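Let's take a friendly walk through a protein model. Have the sequence and the 3D view ready so that you can look up each residue along the way.

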Amino acid sequence: MSDLDIQVPAAYDPFADANAENSGAGTKDYVHIRVQQRNGRKSLTTVQGLNKQFSYNKILKDLKKEFCCNGTVVQDPELGQVIQLQGDQRKNVSTFLVQVLPDHLPGKWDFGFHHRDMMIDDPIAIDLLLFWFLAPQAGIVKKDHIKIHGF
C-alpha cells in the first residue's frame with residue numbers, strides 16, 4: 001500500500017481575513033464591523049477601531065435609536081472600546097458611519113456661535129454653518145476605511 005495524502009477539511013473562519021498580515025487589521029486606520037453568531041438566529045454586531053476623540057456612548061445612543069436595537073460599549077484590554085449591537089447591523093452601521101456628520105466630538109457646539117462681535121442664536125443657521133465647514137469631511141469614517149467581516 002502507498003501512503004495517501006489525506007486532506008481534512010478545515011472549519012471556515014470568518015475572521016481569517018482580519019488576522020492576515022497584509023489586511024491592515026489591527027491598525028488604527030480601519031474601522032472593523034463584525035457579526036458574531038450567538039444561538040439560533042440571534043447575532044451580535046461589533047464595531048471597533050473608531051477614533052478615540054469620538055464619544056462612543058453618543059454614537060451608541062444614535063445607533064440604537066436609528067436601528068431600533070439594543071447595544072452596549074465594552075472595554076476590551078487589547079482592542080479598546082468596542083460597540084456591540086443586537087442583530088446583524090453591518091450594512092446599517094457602515095452607511096451610518098459614512099453619512100452622519102461627526103457631531104460626537106467633545107465640546108460639541110452650543111446654540112451660540114460667536115464670531116468676533118457677532119452672535120448667531122438661530123439653530124438652523126448654526127447647522128448650515130457647521131455643514132459648510134464640515135462638508136468636505138462629512139461622515140465619521142470614510143468609506144474606504146471600513147472593513148466588514150462575517151459570513
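This report goes from the overall layout to two helices, and then to some individual residues.

## The overall layout

Please keep in mind that this is a predicted model. The protein has 4 helices and 7 strands. If you read along the sequence, these elements come in the pattern α-β-β-α-β-β-α-β-β-α-β.

How much of the protein is buried? Of its 151 residues, 30% are buried. You can also ask which parts of the chain touch each other. Taking contacts between residues at least 6 apart in sequence, 56% join residues that are at least 24 apart.

## Helix H2 and its two faces

Start with helix H2, which covers residues 56–67. With 12 residues, H2 reaches 16 Å from its first C-alpha to its last, close to the 16 Å expected at 1.5 Å a residue.

Which residues of H2 are buried? They are Tyr56, Ile59, Leu60, Leu63 and Phe67. Looking down the axis of H2, you will find these buried residues within an arc of 100°, so they line one face of the helix. A general rule helps here: an α-helix has 3.6 residues a turn, so residues three or four places apart point the same way. The buried residues of H2 pack against strand E3 (71–76), strand E4 (80–86) and helix H3. Turned away from that buried side is a face with the exposed residues Asn57, Lys61 and Lys65.

## Helix H3 and its surroundings

Now move on to helix H3, residues 90–99. Here the buried residues are Arg90, Val93, Ser94, Phe96 and Leu97. Around the axis they cover an arc of only 165°, which puts them on the same side of H3. Lys91 and Gln99 are exposed on the other side of H3.

What covers the buried residues of H3? The cover includes strand E1 (31–37), strand E2 (43–48), H2, E4 and strand E7 (146–148).

## A closer look at Ser94

Ser94 sits in helix H3. Is Ser94 buried or exposed? Its relative accessible area is 12%, under the 20% cut-off, so Ser94 counts as buried.

Two kinds of neighbor are worth finding in your viewer. A polar atom of the Ser94 side chain lies 2.9 Å from the backbone oxygen of Lys91. Leaving out residues up to four places away in sequence, Ser94 touches Ile33, Ile146 and Ile148.

## One salt bridge

How many salt bridges does the structure hold? There is 1, and it is formed by the side chains of Asp88 and Arg90, with an N to O distance of 2.9 Å. The two partners differ in how they are classed: Asp88 is partly exposed at 39% relative accessibility, whereas Arg90 is buried at 15%.

## His32 and its partner

His32 belongs to strand E1. With a relative accessible area of 2%, His32 is buried. The side chain of His32 is joined to that of His149 by a polar contact of 2.9 Å.

His32 also gives you a way to compare sequence with space. His32 and Arg90 are 58 residues apart along the chain, and their C-alpha atoms are separated by 9.8 Å.

## Two cysteines without a disulfide

The structure holds 0 disulfides. Why is Cys68 not bonded to Cys69? The sulfur of Cys69 is the closest cysteine sulfur to that of Cys68, but the two are 7.8 Å apart, too far for a bond. Cys69 is likewise in no disulfide, with the sulfur of Cys68 as its nearest cysteine sulfur. At 71% relative accessibility, Cys68 counts as exposed, while Cys69, at 14%, counts as buried.

Cys68 has one further feature to look at. Most residues other than glycine have a negative phi. Cys68 is not a glycine, yet it has a positive phi of about 55°. You can find Cys68 just after H2, in the loop between H2 and E3.

How values were computed. Residues are numbered from 1 along each chain as its sequence is written. This is a predicted model: local features need pLDDT of at least 70, side-chain atom pairs count only at pLDDT 80 or more; totals for chains, interfaces and linings use all residues. Side-chain values use heavy atoms; hydrogens and water are left out. Helices (H or I, at least four residues) and strands (E, at least two) are DSSP runs, numbered from the N terminus. Buried means under 20% relative accessible area, exposed over 50%, partly exposed in between (1.4 Å probe, protein chains only). A polar contact is a pair of N or O atoms within 3.5 Å; within protein, one must be able to donate a hydrogen and the other to accept it, and residues adjacent in sequence count only if both atoms are side-chain atoms. Contact means heavy atoms within 4.5 Å. The expected span of a helix is 1.5 Å times one less than its number of residues. The arc is that of the directions from the helix axis to the C-beta atoms. A salt bridge is a side-chain nitrogen of Lys or Arg within 4 Å of a carboxyl oxygen of Asp or Glu. A disulfide is a pair of cysteine sulfur atoms within 2.5 Å.
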